[in-house]
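User: Could you take a close look at the nonpolar core in this one and walk me through what surrounds it? I'd like the overall picture first, then the details.

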Amino acid sequence: MATNRLACRECHRINDGDAATCVSCGSSSLTEDWAGYVSIAHPEESEIATEMQVTEAGAYALKVR
Ligand SMILES: [Zn+2]
């Protein structure tokens with residue numbers, strides 16, 4: 001399993017390890033220092049998505065440092 005994927009500090013979206021900018025919000029503030037992988041398929045029905053202010057389906061990090 002790949003371990004060096006990058007999480008966005010702005011929106012918590014998980015990006016590929018070679019990404020330069022976030023696929024979701026375009027921020028270049030990406031970090032390997034994150035924890036808690038969560039895949040959100042239906043953000044409108046998900047309490048976690050609401051709490052994280054996620055509106056787009058995808059993979060997100062629960063905690064980004
Ligand atoms: Zn982002």
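Analyst: **The core and its surroundings**

Going along the sequence, this protein reads β-β-β-β-α-β. With a radius of gyration of 11 Å, close to the 11 Å that the globule rule gives for 65 residues, the protein is as compact as a globular protein of that length. Along the principal axes, the C-alpha atoms fill a box of roughly 30 × 25 × 20 Å.

Keep in mind that this is a predicted model. The average pLDDT is 93, and 95% of the residues score at least 70. Confidence bottoms out in H1, where the mean is 92, and peaks in strand E3 (residues 30-31), at 98.

Now to the core itself. The largest nonpolar core has 13 residues, and the members touching the most others are Ala 7, Cys 8, Leu 30 and Ala 61. Strand E1 (6-8) and strand E5 (58-64) each bring at least two residues to this core. As background, nonpolar side chains in soluble globular proteins tend to be buried together. For the protein as a whole, 25% of its 65 residues count as buried.

Ala 7 also gives you a way into the sheet, since its bridge partner in E3 is Thr 31. E1 and E3 pair in the antiparallel sense, over two bridges. They belong to an open sheet of three strands, ordered E2-E1-E3 with antiparallel pairing. E2 and E3 are the edge strands, each pairing on one side only.

Next, Ala 61. Leaving out residues up to four places away in sequence, Ala 61 touches Ala 7, His 12, Ile 14, Trp 34, Ala 35, Gly 36 and Tyr 37. One of those partners, Ala 7, is itself among the core members with the most contacts to other members. On the whole-protein level, take the contacts with a separation of 6 or more: 37% of them are between residues 24 or more positions apart.

Two of the partners of Ala 61 deserve a stop of their own. His 12 is found in the loop between E1 and strand E2 (14-15). His 12 is buried, because 23 other C-beta atoms lie within 10 Å and the cut-off for buried is 20 or more. The backbone is worth a look here too: phi of His 12 is near 70 degrees, a positive value in a residue other than glycine.

Tyr 37, in strand E4 (residues 34-40), falls in the opposite class. What puts Tyr 37 among the exposed residues is its count of 12 other C-beta atoms within 10 Å, because exposed means 12 or fewer. Even so, Tyr 37 touches Ile 14, Ala 59 and Ala 61, again not counting residues up to four places away in sequence. Ala 19 sits 18 residues from Tyr 37 along the chain, and their C-alpha atoms are separated by 17 Å.

One more residue makes a handy counterpart to His 12. Gln 53 has a phi near 60 degrees, also positive in a residue other than glycine. You'll find Gln 53 in the loop between helix H1 (47-52) and E5. Gln 53, though, is exposed, with 9 other C-beta atoms within 10 Å. So for positive phi values in loops, you can put buried His 12 alongside exposed Gln 53.

Note on methods. Residues are numbered from 1 along each chain as its sequence is written. This is a predicted model: local features need pLDDT of at least 70, side-chain atom pairs count only at pLDDT 80 or more; totals for chains, interfaces and linings use all residues. A nonpolar core is a set of buried Ala, Val, Leu, Ile, Met, Phe, Trp, Tyr and Cys residues joined through C-beta atoms within 7 Å. Helices (H or I, at least four residues) and strands (E, at least two) are DSSP runs, numbered from the N terminus. Two residues are in contact if their C-beta atoms, placed from the backbone, lie within 7 Å. pLDDT is the predictor's confidence in each residue, from 0 to 100. Two strands pair if DSSP finds at least two bridges between them. The radius of gyration is taken over C-alpha atoms; the globule rule is 2.2 Å times the number of residues to the power 0.38.
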